[in-house]
Amino acid sequence: MIALTLGEVAELTGGDLTGDAGRSVTGAVTLDSRTVAPGDLFVAVAGERVDGHDFLGAAAGAGAVAALSSRPDPALPCVVVDDPVAALGRLASGVHARLAAGGLITLGITGSSGKTSTKDLLGQVLATAGPTVSPPGSYNNDIGLPLTVLSADEDTRFLVLEMGARGPGHIARLCRVARPRIGVVLNVGSAHLGEFGSAEVIAQAKGELVEALPDDGTAVLNADDPRVLGMATRTAGRVMTTGRGPDAEVRATGVSLDDSARARFTLVVPGEEHPVALQVVGEHQVANALSAAGAALAAGMATADVAAALSGAVPRSRWRMEVERRADGVTVVNDAYNANPESMRAALAALAGLPATRRIAVLGAMAELGPGAAAEHERLGRDAAAAGVDLLVAVGADAVGIADGAISAGRRAGEESVHVPDRAAARELLAQLLRPGDVVLVKASRSYGLELLAADLLTDVAGSDEGANEGMA
Ligand SMILES: Nc1ncnc2c1ncn2[C@@H]1O[C@H](COP(=O)(O)OP(=O)(O)OP(=O)(O)O)[C@@H](O)[C@H]1O
Ligand SMILES: [Mg+2]
């Protein structure tokens with residue numbers, strides 16, 4: 001973070017300072033007392049399991065200069081506020097305004113699927129043009145976004161922000177913390193459909209990003225998604241379209257997949273064409289790469305540089321299409337970070353593109369889909385069958401509909417479509433079944449924790465080459 005005095009922190013947050021207003025925060029802003037370093041500002045947040053206020057003493061012991069907290073504490077100076085999370089947003093907003101006045105270019109990314117993947121591509125592309133803040137992971141809410149903003153400083157040229165929403169007004173609120181100059185909308189799918197109610201409401205909410213853009217801003221819209229293209233009328237800024245279709249301003253032609261399911265294509269903009277060979281897995285990454293390209297072009301990069309940087313970009317965040325090979329020749333694809341109908345289909349398509357003697361999909365349920373959930377799970381089972389999955393293993397009580405769907409599409413119950421009660425049963429079954437040449441996709445919503453199963457599958461073999469499994473190939 002930029003250096004701020006405690007007086008400035010109190011002013012920006014509207015809090016009451018106990019202690020010396022002239023002392024400065026010289027380090028980072030952090031919520032975790034275990035990561036506090038000397039000079040940091042510790043933010044005490046009451047979470048579901050732990051209350052940060054219980055760790056004020058520990059933060060002070062680790063060198064925190066002060067805390068942003070809802071009550072004073074004798075251990076260290078405190079900026080006392082009603083709601084530390086809201087105050088964190090105000091602090092980030094004040095810091096962002098200063099950095100924006102100094103020329104920082106802020107880029108926001110939203111959509112139902114692919115925000116983190118696109119942010120990781122865009123962050124790596126922009127980093128070739130100047131100092132960039134774009135942390136790995138999914139910092140897209142009222143805590144993660146301000147923390148990302150606060151990790152920028154006067155040297156930062158590009159700030160890439162992931163913006164998530166669980167309801168109307170959420171993205172508008174994040175844009176009030178840090179108003180982007182460039183806003184990217186990827187797609188409108190069914191993530192969190194249960195909370196939103198309908199795809200139209202999701203489109204309305206995602207479009208809050210383009211509504212927040214200034215007159216000299218740019219909305220980078222995926223023209224292949226009609227609901228996203230429909231947002232073109234909602235921005236004061238310029239519109240740049242991306243997509244596979246012929247009408248998009250930034251598009252991909254000649255898309256093909258190599259034998260690791262990584263896409264190659266020609267990046268086409270008016271008057272220019274450059275080859276791209278992605279290192280991230282799955283055809284869905286073409287759309288993400290085009291969105292990242294559009295945003296980087298809007299930020300002033302040359303097309304040739306964008307194409308080269310996209311080809312150099314590697315996977316950054318865990319559990320998204322991590323392809324790892326066991327010593328015995330079984331390949332595990334860990335895409336267990338989260339799941340919704342669109343991302344399940346994207347992952348199944350990627351599985352279909354990987355060379356294998358047998359393709360096995362180990363799928364758990366998709367959470368938060370609302371009243372359409374049962375039908376979506378059945379449809380997923382049918383889609384898995386249509387995608388050429390040789391064996392479907394549906395894990396957990398909520399996933400039984402996936403197995404039923406595959407059976408209704410002609411897969412033999414208990415042989416080609418199996419339902420198991422939990423992760424342990426899936427592990428046991430697969431320990432018996434897996435053979436060299438098999439490729440196993442593991443995916444479910446976050447709450448089912450199937451990344452643990454994917455990790456177990458990688459170690460469930462004698463002589464596993466663990467060293468080879470450290471990267472995220
Ligand atoms: N453009 C896309 N279209 C469909 N599915 C995608 C796309 N990009 C990524 N995915 C799938 O979605 C999963 C999650 O990707 P990612 O983490 O990038 O999304 P996210 O939007 O950041 O999710 P979250 O809302 O959890 O933050 C990936 O593992 C992949 O299966
Ligand atoms: Mg994310």
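**Exercise 1. Look at the hairpin of strand 17 and strand 18: which residue stands opposite Arg-325 in strand 18, and how many residues lie between the two strands?**

*Solution.*
Step 1. Find Arg-325 and look across to strand 18: the residue facing Arg-325 is Thr-331. Keep in mind that you're looking at a predicted model.
Step 2. Now take in the whole pair. Strand 17 covers residues 322-325 and strand 18 covers residues 331-334. They pair in the antiparallel sense, over 4 bridges.
Step 3. Go round the turn. The hairpin has 5 residues between its strands, and Gly-329 in that turn has a positive phi of about 90 degrees.

**Exercise 2. In the open sheet of 5 strands, what is the strand order, and which strands stand at the edges?**

*Solution.*
Step 1. Read across the sheet: the order is 2-7-6-5-4, and the pairing is mixed.
Step 2. Check the ends of that order. Strand 2 (16-18) and strand 4 (29-30) each have a single partner strand, so each has one side without a neighbour in the sheet. Those are your edge strands.
Step 3. Zoom in on one edge. Strand 4 pairs with strand 5 (residues 41-43) in the parallel sense, over 2 bridges. Here Thr-30 has Phe-42 of strand 5 opposite.

**Exercise 3. Which strands does helix 1 lie across, and at what angle does helix 1 pack with helix 3?**

*Solution.*
Step 1. Start with helix 1 (residues 6-13). This helix lies across strand 2, strand 5, strand 6 (66-69) and strand 7 (78-80), and runs at about 15 degrees to strand 7.
Step 2. Move to helix 3 (residues 84-101), which lies across strand 4, strand 5 and strand 6 at about 115 degrees to strand 6.
Step 3. Put the two helices together: their axes are 8 Å apart and the packing angle is about 110 degrees. That makes helix 1 roughly perpendicular to helix 3.
Step 4. Who touches whom? Helix 1 brings Glu-8, Val-9, Leu-12 and Thr-13, while helix 3 brings Ala-87, Arg-90, Leu-91, Gly-94 and Arg-98. Sort these contact residues and you get 4 nonpolar, 2 polar and 3 charged.

**Exercise 4. Where are the edges of the open sheet of 9 strands, and which strands of that sheet does helix 4 touch?**

*Solution.*
Step 1. Write down the order: 9-10-8-11-12-13-14-15-16, again with mixed pairing.
Step 2. Pick out the edges, strand 9 (132-133) and strand 16 (272-281): each has a single partner strand, so one side of each lacks a neighbour in the sheet.
Step 3. Try one pair inside the order. Strand 14 (residues 250-257) and strand 15 (residues 262-269) are antiparallel over 5 bridges, and Arg-251 has Val-268 of strand 15 as its bridge partner.
Step 4. Add the helix. Helix 4 packs on the sheet and touches strand 8 (105-110), strand 9, strand 10 (158-162) and strand 16. Its direction makes about 175 degrees with that of strand 10.

**Exercise 5. How do helix 4 and helix 11 cross, and which residues make the contact?**

*Solution.*
Step 1. The axes of helix 4 (residues 115-127) and helix 11 (residues 284-298) come within 9 Å and cross at roughly 40 degrees. That makes helix 4 oblique to helix 11.
Step 2. Give the crossing a hand: it's right-handed.
Step 3. List some contact residues: among them are Leu-121, Leu-122 and Val-125 of helix 4, and Ala-289, Ala-292 and Ala-295 of helix 11. Overall, the contact has 8 nonpolar residues, 5 polar and no charged.

**Exercise 6. Which residues are the protein donors of the magnesium ion (ligand 2)?**

*Solution.*
Step 1. Look around the ion: the donors are Thr-116 (OG1), Ser-138 (OG) and Glu-162 (OE), at 2.1 to 2.2 Å.
Step 2. Write their spacing in sequence: T-x21-S-x23-E.
Step 3. Place two of them. Thr-116 sits in helix 4, and Ser-138 sits in the loop between strand 9 and helix 5 (144-150), so to speak 22 residues apart.

Conventions: Residues are numbered from 1 along each chain as its sequence is written. Chains are lettered from A and ligands numbered from 1 in the order in which they are written. This is a predicted model: local features need pLDDT of at least 70, side-chain atom pairs count only at pLDDT 80 or more; totals for chains, interfaces and linings use all residues. Side-chain values use heavy atoms; hydrogens and water are left out. Axes are lines fitted to C-alpha atoms, for helices over the stretch in contact, and angles run from 0 to 180 degrees between N-to-C directions. Angles under 35 degrees count as roughly parallel, over 145 as roughly antiparallel, 65 to 115 as roughly perpendicular and the rest as oblique. A crossing is left-handed if the near helix is turned anticlockwise from the far one by less than a right angle, and right-handed if clockwise. Contact means heavy atoms within 4.5 Å. Ala, Val, Leu, Ile, Met, Phe, Trp, Tyr, Cys and Pro count as nonpolar, Asp, Glu, Lys and Arg as charged, and the others, Gly among them, as polar. Two strands pair if DSSP finds at least two bridges between them. Donors are N, O and S atoms within 2.8 Å of the metal (3.2 Å for Na, K and Ca); water is not among the atoms, so sites may look incomplete.
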